[in-house]
Amino acid sequence: MRRSAAAVGSSAFMALAPGTVAGLVPWLLTGWHAGHWWPPLRVIGLVPLLAGAWVLVHAFARFVRDGLGTPAPVAPTEHLVVTGIYRYVRNPMYVAVVAAIAGQALLLARPVLVVYALVALVVMGAFARWYEEPTLAGRFGAEYARYRHAVPGWWPRVRPWRG
């Protein structure tokens, strides 16, 4: 796949998938109307929200640049992406989406978003475990097995994997 096609496909998928899960659904649940928690606690919500947004952009860019494909199952990468943020954690997009939802929960003082973040984490974890991992193992074989053994799926490493 050409980089330009990968960029267009990744951008569309980013708007569709994380945009829906971390943007549209929280808006539907809350109307983005804030509750009344202690203001400093609410401001702290900006940290995971902004960090999640940054990680998402970085991770999607890696799929274009290094993988020559998209995160969408219908247009997968040609190469296993193990650079950048992927040297620390195998599922940075999922971690970032949950962080963004949790950040909104704090920022908006809305407990329903905490529950939603946990549900999203379980659903994404199941998808990663029962679809993505077997698919990547079948596609990239020993390369993915080494990566999977060295890099945790959900809690980032302290030092980057050097592969």
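## Ala5 and helix 1

Ala5 sits in helix 1, which covers residues 3-30. This is a predicted model, so keep that in mind for everything below. Ala5 has a relative accessibility of 41%, so it counts as partly exposed, given that the partly exposed class falls between 20% and 50%. If you want a feel for distances, look from Ala5 across to Val151: these two are 146 residues apart along the chain, and their C-alpha atoms are separated by 29 Å.

## The overall picture

What is the chain built from? The protein chain has five helices and zero strands, and reading along the sequence gives the pattern α-α-α-α-α.

Along its principal axes, the C-alpha trace spans about 50 × 30 × 25 Å. The radius of gyration is 16 Å, which agrees with the value near 15 Å that a compact globule of 163 residues would have. Of those 163 residues, 38% count as buried. Contacts tend to reach along the sequence too: among those between residues at least 6 apart, 74% join residues at least 24 apart.

## Helix 1 against helix 3

How do helix 1 and helix 3 pack? Their axes are 9 Å apart, at an angle of about 150°. Angles over 145 degrees count as roughly antiparallel, and that makes helix 1 roughly antiparallel to helix 3. The crossing of the two is right-handed.

On the helix 1 side, the contact is made by Arg3, Ala6, Ala7, Ser10, Phe13, Met14 and Pro18. Helix 3 brings Leu56, Val57, Phe60, Phe63, Val64 and Arg65 to the contact. Sorted by class, that gives ten nonpolar residues, one polar and two charged.

## Helix 1 against helix 4

Helix 1 also meets helix 4, with axes that come within 9 Å and cross at roughly 25°. Angles under 35 degrees count as roughly parallel, and helix 1 and helix 4 are therefore roughly parallel to each other. This crossing is right-handed as well.

Which residues make the contact? Helix 1 supplies Pro18, Val21, Ala22, Pro26 and Thr30, while helix 4 supplies Val97, Ala100, Ile101, Gln104 and Leu108. By class, the contact holds eight nonpolar and two polar residues, with no charged ones. Pro18 is worth picking out on screen: this residue is listed in the contact with helix 3 and again in the contact with helix 4.

## Two loop residues with positive phi

Now for some backbone details. Trp32 is in the loop between helix 1 and helix 2, the latter being residues 39-44. Phi of Trp32 is near 55°, a positive value in a residue other than glycine. As for its surroundings, Trp32 counts as partly exposed because its relative accessibility is 46%.

Leu68 has a positive phi too, about 55°, although it is not a glycine. You'll find Leu68 in the loop between helix 3 (46-65) and helix 4 (92-108). Is Leu68 buried or exposed? Leu68 is buried, because its relative accessible area is 18% and the cut-off for buried is under 20%.

## Arg87 and Asn91 in the loop before helix 4

The loop between helix 3 and helix 4 also holds Arg87. With 24% relative accessibility, Arg87 counts as partly exposed. What does Arg87 touch, leaving aside its neighbours within four places in sequence? The contacts are Val82, Val151, Arg157, Arg159, Pro160, Trp161 and Arg162. Arg87 and Pro152 are 65 residues apart along the chain, yet their C-alpha atoms are separated by 9.5 Å.

Asn91 lies in the loop between helix 3 and helix 4 as well. Asn91 is buried, at a relative accessible area of 8%. Apart from neighbours within four places in sequence, Asn91 is in contact with Ala128, Glu132, Gly153 and Trp154.

Definitions and conventions
Residues are numbered from 1 along each chain as its sequence is written. This is a predicted model: local features need pLDDT of at least 70, side-chain atom pairs count only at pLDDT 80 or more; totals for chains, interfaces and linings use all residues. Side-chain values use heavy atoms; hydrogens and water are left out. Helices (H or I, at least four residues) and strands (E, at least two) are DSSP runs, numbered from the N terminus. Buried means under 20% relative accessible area, exposed over 50%, partly exposed in between (1.4 Å probe, protein chains only). Axes are lines fitted to C-alpha atoms, for helices over the stretch in contact, and angles run from 0 to 180 degrees between N-to-C directions. Angles under 35 degrees count as roughly parallel, over 145 as roughly antiparallel, 65 to 115 as roughly perpendicular and the rest as oblique. A crossing is left-handed if the near helix is turned anticlockwise from the far one by less than a right angle, and right-handed if clockwise. Contact means heavy atoms within 4.5 Å. Ala, Val, Leu, Ile, Met, Phe, Trp, Tyr, Cys and Pro count as nonpolar, Asp, Glu, Lys and Arg as charged, and the others, Gly among them, as polar. The radius of gyration is taken over C-alpha atoms; the globule rule is 2.2 Å times the number of residues to the power 0.38.
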